[in-house]
Amino acid sequence: VLPDYAGPLAGFLTGLEQTDTPWMATVPCDSPRLPDDLVACLAHAAERDDAEIAMAAAIEDGELRTQPVFCLLRSSLLESLTRFTQGGGRKIDAWTAQHRTTIVEFPDVGAFANANTLRELQQLE
């Protein structure tokens, strides 16, 4: 719904415009190893912490790193995201920082690896 390549938030915005459920889960299409319990864990944390966004994270190079495109967000955030993107915002972290966000740690950082070529996919197998 946004002109040019607007990044992952364009996908978030398009999804939110189409959803008719209270929550929407997002994952990138190039990550074939996402955790089986991803949505359940994010939903549990969102409810527990009264969050508007639940975001995955994993330890990488000794530090906890968020995986912002692996998230669960309230559909009621559509208006906020529309304003943010219409104002030129494209950074996920800048937008999520405006909302109650909880971080959910997952044990396997490899679950968030992406594969954009056949070779990368074979390496993940």
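# Notebook: strands, rings and charges

**Entry 1. Leu64 and its patch.** I started with Leu64, which I found in strand β3. I note here that the model is predicted, so every value below is computed from it. Is Leu64 buried, partly exposed or exposed? Its relative accessibility is 43%, so I wrote down partly exposed. I then looked up a residue far along the chain from it. Leu64 and Val109 are 45 residues apart in sequence, and their C-alpha atoms are 9.7 Å apart in space.

Which residues make the nonpolar surface patch with Leu64? I found Ile59 and Ile103, and the patch they form with Leu64 covers about 240 Å². Ile59 belongs to strand β2. Its relative accessible area is 42%, which makes Ile59 partly exposed. Ile103 sits in strand β4, on the face whose side chains are not buried.

**Entry 2. Strand β4 and its partner.** I went along β4, residues 101–105, and noted where each side chain points. Thr102 and Val104 point to one face and are buried. Thr101, Ile103 and Glu105 point to the other face and are not buried. I then looked for a pairing partner. Strand β2, residues 53–60, pairs with β4 in the parallel sense, over five bridges. In this pairing I found Ala57 of β2 opposite Glu105 of β4.

**Entry 3. Strand β1 and its partner.** Strand β1, residues 23–26, also has two faces. Met24 and Thr26 make up the covered face, while Trp23 and Ala25 are on the uncovered one. In which sense do β1 and β3 run? They run antiparallel, and four bridges join them. Trp23 stands opposite Arg74 of β3. I marked Arg74 for the entry on charges.

**Entry 4. Aromatic rings.** I noted first how such pairs are described. A pair of aromatic rings is given by the distance between the ring centres and the angle between the planes. How many aromatic pairs does a search of the whole structure find? The count is two. One is Phe70 with Phe112, edge-to-face, with 4.7 Å from centre to centre and 75 degrees between the planes. Phe70 is in strand β3 and Phe112 is in the loop between β4 and α5, so this pair ties together parts that are 42 residues apart in sequence. Phe70 has a relative accessible area of 1% and is buried. Phe112 is buried too, at 7%.

Phe106 and Phe112 also pair. Their ring centres are 5.9 Å apart and their planes stand at 75 degrees; angles over 60 count as edge-to-face, so this pair gets that label. Phe106 is buried, as Phe112 is. I recorded Phe70, Phe106 and Phe112 as one cluster linked by ring pairs.

**Entry 5. Ser75.** I looked up Ser75 in the loop between β3 and α3. Its relative accessible area is 15%; buried means under 20%, so Ser75 is buried. What lies 2.5 Å from a polar atom of the Ser75 side chain? It is the backbone oxygen of Thr21.

**Entry 6. Two positive phi values.** Most residues other than glycine have a negative phi. I therefore wrote down two aspartates that go the other way. Phi of Asp50 is near 50 degrees, and phi of Asp61 is about 55 degrees. Asp50 is in the loop between α2 and β2, and Asp61 is in the loop between β2 and β3. Asp50 is partly exposed at 45%, whereas Asp61 is exposed at 68%.

**Entry 7. Salt bridges.** A search of the whole structure finds seven salt bridges. I looked at some of them. Arg74 meets Asp50 in one, at 3.9 Å from N to O. Arg74 is in strand β3 and Asp50 is in a loop, so this pair ties together parts 24 residues apart in sequence. Arg74 is partly exposed, at 24%.

Asp50 has a salt bridge with Arg100 as well, with the closest N and O atoms 4.0 Å apart. This pair links distant parts of the chain, 50 residues apart, with Arg100 in the loop between α4 and β4. Arg100 is partly exposed, at 42%. Which residues make up the network of salt bridges? I listed Asp50, Glu52, Arg74 and Arg100.

My last item was Glu63 with Arg65, a salt bridge at 3.8 Å from N to O. Both are partly exposed: Glu63 has a relative accessible area of 43%, and Arg65 is at 33%.

Terms used: Residues are numbered from 1 along each chain as its sequence is written. This is a predicted model: local features need pLDDT of at least 70, side-chain atom pairs count only at pLDDT 80 or more; totals for chains, interfaces and linings use all residues. Side-chain values use heavy atoms; hydrogens and water are left out. Buried means under 20% relative accessible area, exposed over 50%, partly exposed in between (1.4 Å probe, protein chains only). Two strands pair if DSSP finds at least two bridges between them. Patches are made of residues with over 30% relative accessible area and no salt bridge: like charges are joined within 9 Å, nonpolar side chains (Val, Leu, Ile, Met, Phe, Trp, Tyr) within 5 Å. Accessible areas come from the Shrake-Rupley method with a 1.4 Å probe; for residues, only the protein chains shown count as cover. A salt bridge is a side-chain nitrogen of Lys or Arg within 4 Å of a carboxyl oxygen of Asp or Glu. Rings of Phe, Tyr and Trp (its six-membered ring) pair if their centres lie within 6.5 Å; planes under 30 degrees apart count as stacked, over 60 as edge-to-face and the rest as tilted. A polar contact is a pair of N or O atoms within 3.5 Å; within protein, one must be able to donate a hydrogen and the other to accept it, and residues adjacent in sequence count only if both atoms are side-chain atoms.
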